[in-house]
Amino acid sequence: MNRKIIMGTLLMAVCITMAVTAIAYGDRHEWDGQEESGLFARTADIAPVTNKLYANECGSCHFAYQPGWLPARSWQHMMDTLDDHFGENAELDDLERREITRYLIANAADRASRPQSRWVLRSLDGKEPPMRISELRYIRHEHDEIPGRLIEGNPRVRSRSNCQACHTQADKGFFDEHSVSIPGYGY
């Protein structure tokens, strides 16, 4: 009888300890693309933007795409031709341009280790450096099952380059299908 009480007390102590631990770690923490929730952690598919100048300058006109979506040669070409940035003049002063270029190249797909960056690199054909993320073979493949009416035909999305319209955690680097909500259609 005494042994049953000791074993029961020990089992209850272990259960209480596990419950308290789960509650303590249950608060959500996010930093540098690492998201923890309870005993489960997941890492961002692509490293989030960490450079404030880049986020402010480029993000003032469009989504500040994570550098890991394109190889360094693409970012270099883009930063060298800001006077004609997809039909717009996006020139910066030399100091800002150099800082943003350094950031983009240091974190480009060919220097990143996140899964999406590796897939992007595998999908390149090696010719001209890609300039549009939405035209990468990998991105086209990932979106090929989505009918055009949900993207281009959707006035709240309009283009595959409008990542944050559907990818609810795009700014944090999460692009998995579990964080997708197509405006007007849902998850």
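# A first look at this predicted chain

From the N terminus on, the elements run α-β-β-β-α-α-α-α-α-α. That gives seven helices and three strands, where helices (H or I, at least four residues) and strands (E, at least two) are DSSP runs numbered from the N terminus. Welcome to a predicted model, in which local features need pLDDT of at least 70 and side-chain atom pairs count only at pLDDT 80 or more, while totals for chains, interfaces and linings use all residues. Residues are numbered from 1 along each chain as its sequence is written, and side-chain values use heavy atoms, with hydrogens and water left out.

**The chain as a whole**

- Of the 187 residues in the chain, 35% are buried; buried means under 20% relative accessible area, exposed means over 50%, and partly exposed lies in between (1.4 Å probe, protein chains only).
- Contact means heavy atoms within 4.5 Å. Among contacts between residues at least 6 apart in sequence, 54% join residues at least 24 apart.

**Helices α3 and α4**

- Begin with helix α3 (residues 72-80) and helix α4 (residues 94-106), whose axes come within 9 Å and cross at roughly 165 degrees. This makes α3 roughly antiparallel to α4.
- Here axes are lines fitted to C-alpha atoms, for helices over the stretch in contact, and angles run from 0 to 180 degrees between N-to-C directions. Angles under 35 degrees count as roughly parallel, over 145 as roughly antiparallel, 65 to 115 as roughly perpendicular, and the rest as oblique.
- The crossing of α3 past α4 is right-handed, a word used if the near helix is turned clockwise from the far one by less than a right angle (anticlockwise would be left-handed).
- On the α3 side, the contact is formed by Ala72, Trp75, Gln76, Met79 and Asp80, which meet Arg97, Ile100, Thr101, Leu104 and Ile105 in α4.
- By class, this contact of α3 with α4 has six nonpolar, two polar and two charged residues. Ala, Val, Leu, Ile, Met, Phe, Trp, Tyr, Cys and Pro count as nonpolar, Asp, Glu, Lys and Arg as charged, and the others, Gly among them, as polar.

**Helices α2 and α4**

- Helix α2 (residues 52-59) also packs with α4, at an angle of about 110 degrees and with the axes 9 Å apart. The two helices α2 and α4 are therefore roughly perpendicular to each other.
- Leu53, Tyr54 and Glu57 in α2 meet Glu96, Glu99, Ile100, Tyr103 and Leu104 in α4.
- Sorted by class, the contact of α2 with α4 holds five nonpolar, no polar and three charged residues.
- Ile100 and Leu104 of α4 are worth finding on screen: they are among the residues that meet α3, and they are also among those that meet α2.

**The buried side of α5**

- In helix α5 (residues 115-123), the buried residues are Gln116, Ser117, Val120 and Ser123. They cover an arc of only 125 degrees around the axis, which puts them on the same side of α5; the arc is that of the directions from the helix axis to the C-beta atoms.
- An α-helix has 3.6 residues a turn, so residues three or four places apart point the same way.
- These buried residues of α5 pack against α6.

**Serine 74 and proline 130**

- Serine 74 lies in helix α3 and, at 0% relative accessibility, counts as buried.
- Proline 130 sits in the loop between α5 and α6 and is also buried, at 15% relative accessibility.
- Along the chain these two are 56 residues apart, and their C-alpha atoms are separated by 5.9 Å.
- Leaving aside neighbours within four places in sequence, serine 74 is in contact with Pro129, Pro130 and Met131. On the same basis, proline 130 touches Leu70, Pro71, Arg73, Ser74, Leu124 and Leu136.

**Loop residues to look up**

- Phenylalanine 86, in the loop between α3 and α4, has a phi near 55 degrees, a positive value in a residue other than glycine. Phenylalanine 86 is partly exposed, with a relative accessible area of 39%.
- Arginine 158 lies in the loop between α6 (137-143) and α7 (163-166). Its phi is positive, about 70 degrees, although arginine 158 is not a glycine, and its relative accessible area of 62% makes it exposed.
- Isoleucine 151 is in the loop between α6 and α7 and is buried, with a relative accessible area of 5%. Apart from neighbours within four places in sequence, its contacts are Ile146, Val157, Arg158, Ser159 and Arg160.
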